[in-house]
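This report goes through one protein chain with its ligand, region by region. The sequence and the structure come next.

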Amino acid sequence: MLQQTQVKTVIPYFNKFTKKFKTLKSLAKSNEKEILKMWEGLGYYRRARNLLACSKILVKNYKSKLPDTINEIKKLPGVGEYTANALLSLVHDKPRIAVDGNVKRVFSRNLNQEEIKINFEKLIEKNKKKLFVTNRNADFVEALMEFGALVCKPKDPNCLTCCLNKSCKYFKSNKKIKSIKNKMIKNKDYNIFCYLNKKKQIALTKNSQIGFLKNFNLPEIKEANGFSKKHNWKFLKNYKNSISNLKLNINLYYKFSNKIPPMFSWYSLKENKEFVPSFTKKIFRQVSTLF
Ligand code: SF4
């Protein structure tokens, strides 16, 4: 839940989720519709699907236990290098480091080298005897991430009181590296098209290929110019939104029509019991102003 999402946003979802699913087995017995409903508003719905899929695999193939080797753990849906290392260290207390942005910054500053020039995997492997000197690896990994977040902060690190300042090359150097790398910002244009009817219904499809909003279920077409005029679509609103390193420019179009393409179904704008992501809800509210 915490991937790309702040702790304060996650807390109510986490509490509700763990109250409902007290064991891995109870989660594994659930289904996608139920999970997505509980995840509604949290975004990045692939996480919910992967979590459900993982629970089913762990119950079926691993006697409800998390495997303790990197190769086995990485076979689970949605588990890449970072998550695998985090799980191995936090759950199994293995000497592994989950290299997130905070950890990268701590290493990069200590070496006074740009993050982009460091191979973190090699660096950790080479220095594992110096790094893993405790038998509390889980605490060490968590502390390292917290150290980056609270002491070796992106801006104004607390160098004067830092316990590493005697060896830290960044602190001692007159030529300090800029460890905050600018993310490559990508701009994306989306055009969303809503069919509406006089019964206050909106047409949705389950087959949307809408890239960043796979659950969105509204038709999306890349080129609005020409298409919108030719097919009598009316412009309603522009949204600007940022997700991670994506800058989105979204144009919303609508038209009233009784005919919809075959793969579409009508859904009530008010009494929709289906799982609806929060941005889709926003659009529901916007098109509701047309009635
Ligand atoms: S001395 Fe400063 S830059 Fe170096 S690790 Fe500590 S807080 Fe970070």
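Leu160 counts as exposed, because 7 C-beta neighbours lie inside 10 Å and a residue with 12 or fewer is placed in that class. The model is a predicted one. Leu160 sits in the loop that runs between H10 and H11. Its C-alpha is 8.7 Å from that of Phe171, and 11 residues separate Leu160 and Phe171 in sequence.

**Surroundings of the ligand**

The ligand is surrounded by 14 residues, and the closest are Cys152, Pro157, Cys159, Cys162 and Cys168. Sorted by class, this shell holds 10 nonpolar, three polar and one charged residues. Helix H7 (101-111) and helix H11 (169-172) each supply at least two residues of the shell. H7 gives the most, with three residues.

**Helix H7 and the loop after it**

Which residues of H7 are buried? They are Val103, Arg105, Val106, Phe107, Ser108 and Arg109. The cover over the buried residues of H7 includes helix H8 (120-126), helix H10 (137-150) and H11. H11 therefore appears twice in this report, as it is also one of the helices that supply the ligand shell.

After H7 comes Asn112, with a positive phi near 55°. Asn112 is not a glycine, and its place is in the loop between H7 and H8. With 16 other C-beta atoms within 10 Å, Asn112 is partly exposed.

**Helix H4 and the loop after it**

Helix H4 covers residues 46-61, which makes 16 residues. At 1.5 Å a residue, H4 should span 22 Å, and its end C-alpha atoms are 22 Å apart, so the two values agree. The buried residues of H4 are Ala48, Leu51, Leu52 and Ser55. Viewed down the axis of H4, these buried residues fall within an arc of 95°, and so they line one face of the helix. Lys60 and Asn61 are exposed on the other side of H4. Helix H2 (24-28) and helix H3 (32-39) are among the elements that cover the buried residues of H4.

Lys63 follows H4 and has a positive phi, near 50°. Ser64 lies in the loop between H4 and helix H5 (70-73). The phi of Ser64 is near 65°, again a positive value in a residue other than glycine. Ser64 counts as partly exposed because it has 13 C-beta neighbours inside 10 Å.

The positive phi values are listed here.

| Residue | Phi |
|---|---|
| Lys63 | near 50° |
| Ser64 | near 65° |
| Asn112 | about 55° |

**Nonpolar cores and helix H13**

The largest nonpolar core has 14 residues. Ile192, Cys194, Ile202, Leu252, Tyr253 and Ile283 have the most contacts inside this core. At least two of its residues come from each of strand E1 (186-197), strand E2 (201-205), strand E4 (246-256) and helix H13 (278-288). E1 gives the most to this core, with four residues.

What does Leu252 touch, leaving out residues up to four places away in sequence? Leu252 touches Ile192, Cys194, Leu236, Lys237, Tyr239, Ile283 and Gln286. A second core, separate from the largest, has 13 residues and includes Leu88, Ala98, Val106 and Leu144. Val106 is also one of the buried residues of H7.

In H13, the buried residues are Phe279, Thr280 and Ile283. These cover an arc of only 100° around the axis, which puts them on the same side of H13. The face of H13 turned away from this buried side carries Ser278 and Arg285, both exposed. E1 and E4 are among the elements that cover the buried residues of H13. Both strands also supply residues of the largest core.

**The chain as a whole**

The secondary structure of the protein chain comes to 13 helices and five strands. Of the 291 residues in the chain, buried residues make up 20%. Among contacts between residues at least 6 apart in sequence, 62% join residues at least 24 apart.

Key: Residues numbered from 1 in each chain as written. Predicted model: local features only at pLDDT ≥ 70, side-chain atom pairs only at ≥ 80, totals over all residues. Expected span 1.5 Å × (residues − 1). Arc of directions from axis to C-beta. Contact = placed C-beta atoms within 7 Å. Core = buried A, V, L, I, M, F, W, Y, C linked by C-beta atoms within 7 Å. Near = placed C-beta within 6 Å. Nonpolar A, V, L, I, M, F, W, Y, C, P; charged D, E, K, R; others polar.
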